[in-house]
Amino acid sequence: MNSWTQLADSKIPNSSGNLQLWQRGEEFAIRIVGVRGDLMNSRMHGSEDALAELACKRLNKLEGARVLVGGLGMGFTLAAALAVLLPSAKLTVAELIAGVVDWNRGPLGACAGYPLEDPRSNIHIGDVAELLQQATLYDAILLDVDNGPEAMTHADNEWLYSAAGLRALIKSLRPQGIAAIWSASQNPDFSKRLRRAGFKVETRTVRARPGKGSRHTIFLAQKPVSGAVG
């Protein structure tokens with residue numbers, strides 16, 4: 001069996017941590033220095049695919065759909081959204097770590113089919129929170145940031161899942177817009193927080209690989225027609 005080879009290293013902004021890109025044959029992994037196990041692995045992206053598919057399936061006939069993707073990762077969420085949406089759609093991907101963008105434009109990009117090369121894709125190197133505080137409205141917002149509501153790699157990510165962050169999230173959606181949020185685990189308290197922010201909420205449990213692998217949670221939070229914010 002091939003051994004793992006480190007390809008690249010990238011500092012996490014405003015943090016003492018580092019991410020590393022590793023390869024073994026056709027398999028890639030992103031790891032946090034000092035943390036055991038893989039943060040992401042190219043063989044296990046079923047829940048990332050589901051995040052996009054569950055949120056974007058109702059947009060598959062909507063001309064000019066606007067979608068915000070928080071977190072590029074290995075590109076699987078972006079690729080799954082592009083596969084569902086029309087050619088007129090516009091997707092903005094916010095990725096905090098510039099090195100991750102470079103990796104997706106390099107050899108890692110082949111795993112998801114180089115979705116950044118799709119003309120519908122626009123990259124924002126920076127915090128997705130910056131975009132949530134602007135005036136742009138989206139039909140869907142997909143958040144695959146850190147470990148979900150239990151932020152692990154970057155303390156600033158906790159704002160996204162706070163009451164203030166969720167208020168910004170619902171204000172950034174058009175009426176009946178969907179926010180889909182990936183989480184490494186179930187979190188009933190977060191469901192309550194979403195409802196207090198004004199969302200209609202349901203959760204789905206999905207697997208990292210078809211029929212096997214870790215169980216992850218997708219929170220599907222819909223903004224009401226009235227656009228009321230709690």
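The exercises below, each with a worked solution, concern a predicted model of one protein chain.

**Exercise 1. Overall form**

State how many helices and strands the chain has, and decide whether its radius of gyration agrees with that of a compact globule.

Solution. Begin with the secondary structure: the chain has six helices and 11 strands. Next take the length, which is 230 residues; a compact globule of that length would have a radius of gyration near 17 Å. The chain has 17 Å, so the value agrees with the rule. For the dimensions, the C-alpha trace spans about 55 × 35 × 35 Å along its principal axes.

**Exercise 2. Surface, contacts and charges**

Find what share of the residues is buried, and describe the accessible surface, the contacts and the charges.

Solution. Buried means under 20% relative accessible area. By this cut-off, 51% of the 230 residues count as buried. The accessible surface comes to about 10600 Å², and carbon and sulfur atoms account for 48% of that surface. Now turn to contacts between residues at least 6 apart in sequence: 66% of these join residues at least 24 apart. Last, the chain has 26 positive and 22 negative charges, and the mean positions of the two sets are 8 Å apart.

**Exercise 3. The surroundings of Ser 42**

Locate Ser 42, decide whether Ser 42 is buried or exposed, and list its contacts.

Solution. First, Ser 42 sits in the loop between β4 (40–41) and α1 (46–56). Second, its relative accessible area is 11%, so Ser 42 is buried. Third, leaving aside neighbours within four places in sequence, Ser 42 is in contact with Glu 26, Glu 27, Phe 28, Met 74, Phe 76 and Cys 111. With Phe 28 there is a polar contact: the side chain of Ser 42 reaches the backbone nitrogen of Phe 28 at 2.8 Å.

**Exercise 4. The packing of helix α3**

Name the buried residues of α3 and the strands they pack against.

Solution. Helix α3 covers residues 98–105, and its buried residues are Gly 99, Val 100, Val 101, Trp 103 and Asn 104. These buried residues pack against β1 (5–11), β2 (18–24), β3 (27–32), β6 (90–95) and β7 (121–125).

**Exercise 5. Gly 126 and a distant part of the sequence**

Place Gly 126 and show which residues it touches.

Solution. Gly 126 lies in the loop between β7 and α4 (128–132). Its relative accessible area is 9%, so Gly 126 is buried. Not counting residues up to four places away in sequence, Gly 126 touches Ala 94, Glu 95 and Leu 96. Take Ala 94: Gly 126 and Ala 94 are 32 residues apart in sequence, and their C-alpha atoms are 6.1 Å apart in space.

Terms used: Residues are numbered from 1 along each chain as its sequence is written. This is a predicted model: local features need pLDDT of at least 70, side-chain atom pairs count only at pLDDT 80 or more; totals for chains, interfaces and linings use all residues. Side-chain values use heavy atoms; hydrogens and water are left out. Helices (H or I, at least four residues) and strands (E, at least two) are DSSP runs, numbered from the N terminus. The radius of gyration is taken over C-alpha atoms; the globule rule is 2.2 Å times the number of residues to the power 0.38. Buried means under 20% relative accessible area, exposed over 50%, partly exposed in between (1.4 Å probe, protein chains only). Contact means heavy atoms within 4.5 Å. Accessible areas come from the Shrake-Rupley method with a 1.4 Å probe; for residues, only the protein chains shown count as cover. Lys and Arg count as positive and Asp and Glu as negative; His and the chain ends are not counted. The place of a charge is taken as NZ of Lys, CZ of Arg, CG of Asp or CD of Glu. A polar contact is a pair of N or O atoms within 3.5 Å; within protein, one must be able to donate a hydrogen and the other to accept it, and residues adjacent in sequence count only if both atoms are side-chain atoms.
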